[in-house]
Amino acid sequence: QVQLVESGGGLVQAGGSLRLSCAASGRTFSSYTMGWFRQAPGKEREFVAAIRRGGSSTYYSDSMKGRFTISRDNAKNTVYLQMNSLKPEDTAIYYCAAYVGLQLRPLDYYTDLGVYDYWGQGTQVTVSS
């Protein structure tokens with residue numbers, strides 16, 4: 001069983017920045033592919049970014065590319081999402097997720113929320129205009 005706990009959400013003005021963290025339990029965090037998703041009110045959960053186990057391979061939704069950066073610290077069992085130049089449309093609950101499969105997949109495989117095995121409870125991000 002893997003537990004994921006997000007933190008770092010809050011209220012920020014448009015143009016501002018936030019860094020989200022997701023702390024994972026378990027001794028094999030370094031073998032997981034991690035993803036960030038978000039869900040705005042009345043909308044479906046959507047892919048934000050993913051990072052492979054080693055941390056060198058990342059993948060982003062086109063709408064977040066260049067503004068958001070995903071990273072991980074395997075020594076701390078933590079994955080991060082640095083969000084810059086935030087816009088009101090970035091307002092959502094942000095979730096981290098863990099894929100524990102060992103087979104290497106193409107990066108776009110991880111855009112599908114259905115492939116993830118574990119989810120956090122989410123952290124609210126609100127961007128005011």
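The legends below describe close-up views of a predicted model.

**Figure 1. The largest nonpolar core of the predicted model.** This core comprises 29 residues. Met34, Trp36, Leu81, Met83 and Tyr94 have the most contacts inside it. Two or more residues each are given to the core by strand S3 (18-24), strand S4 (33-39), strand S5 (46-51), strand S7 (68-73), strand S8 (78-83), strand S9 (92-99) and strand S11 (123-128).

**Figure 2. Another core, lying apart from the largest one.** This core has nine residues, including Phe37, Ala97, Tyr110 and Val115. Tyr110 is buried, its relative accessible area being 1%, and Phe37 is likewise buried.

**Figure 3. The aromatic pair of Phe37 and Tyr116.** The structure contains 10 aromatic pairs. In the pair formed by Phe37 and Tyr116, the ring centres are 5.2 Å apart and the planes stand at 85° to each other, an edge-to-face arrangement. Because Phe37 belongs to strand S4 and Tyr116 to the loop between S9 and strand S10 (118-119), the pair ties together parts that are 79 residues apart in sequence. Both Phe37 and Tyr116 are buried.

**Figure 4. The aromatic pair of Tyr109 and Tyr110.** These two rings also meet edge-to-face, with 5.4 Å from centre to centre and 90° between the planes. Which of the classes buried, partly exposed or exposed applies to Tyr109? Tyr109 has a relative accessibility of 26% and therefore counts as partly exposed, since buried means under 20% and exposed over 50%. Tyr110, at 1%, is buried.

**Figure 5. A cluster of aromatic rings and the charged end of Arg45.** Phe37, Phe47, Tyr59, Tyr95, Tyr116 and Trp119 are linked into a cluster by ring pairs. Two members of this cluster, Tyr95 and Trp119, are also partners of Arg45. The charged end of Arg45 sits over the ring of Tyr95, at 3.7 Å from its centre. Arg45 also lies over the face of Trp119, where the distance to the ring centre is 4.9 Å.

**Figure 6. Leu11 and its contacts with Thr126 and Ser128.** Leu11 is located in strand S2 (residues 10-13). With a relative accessibility of 66%, Leu11 counts as exposed, because that class begins over 50%. When neighbours within four places in sequence are left aside, Leu11 is in contact with Thr126 and Ser128. Leu11 and Thr126 are separated by 115 residues in sequence, yet their C-alpha atoms are 4.7 Å apart in space.

Key
Residues numbered from 1 in each chain as written. Predicted model: local features only at pLDDT ≥ 70, side-chain atom pairs only at ≥ 80, totals over all residues. Heavy atoms only, no water. Core = buried A, V, L, I, M, F, W, Y, C linked by side-chain atoms within 4.5 Å. Buried < 20%, exposed > 50% of the residue type's maximum accessible area, 1.4 Å probe, protein only. Helix = DSSP H or I, 4+ residues; strand = E, 2+ residues; numbered from the N terminus. Phe/Tyr/Trp six-rings, centres within 6.5 Å; stacked < 30°, edge-to-face > 60°. Lys NZ or Arg CZ within 6 Å of the ring centre and 35° of its normal. Contact = heavy atoms within 4.5 Å.
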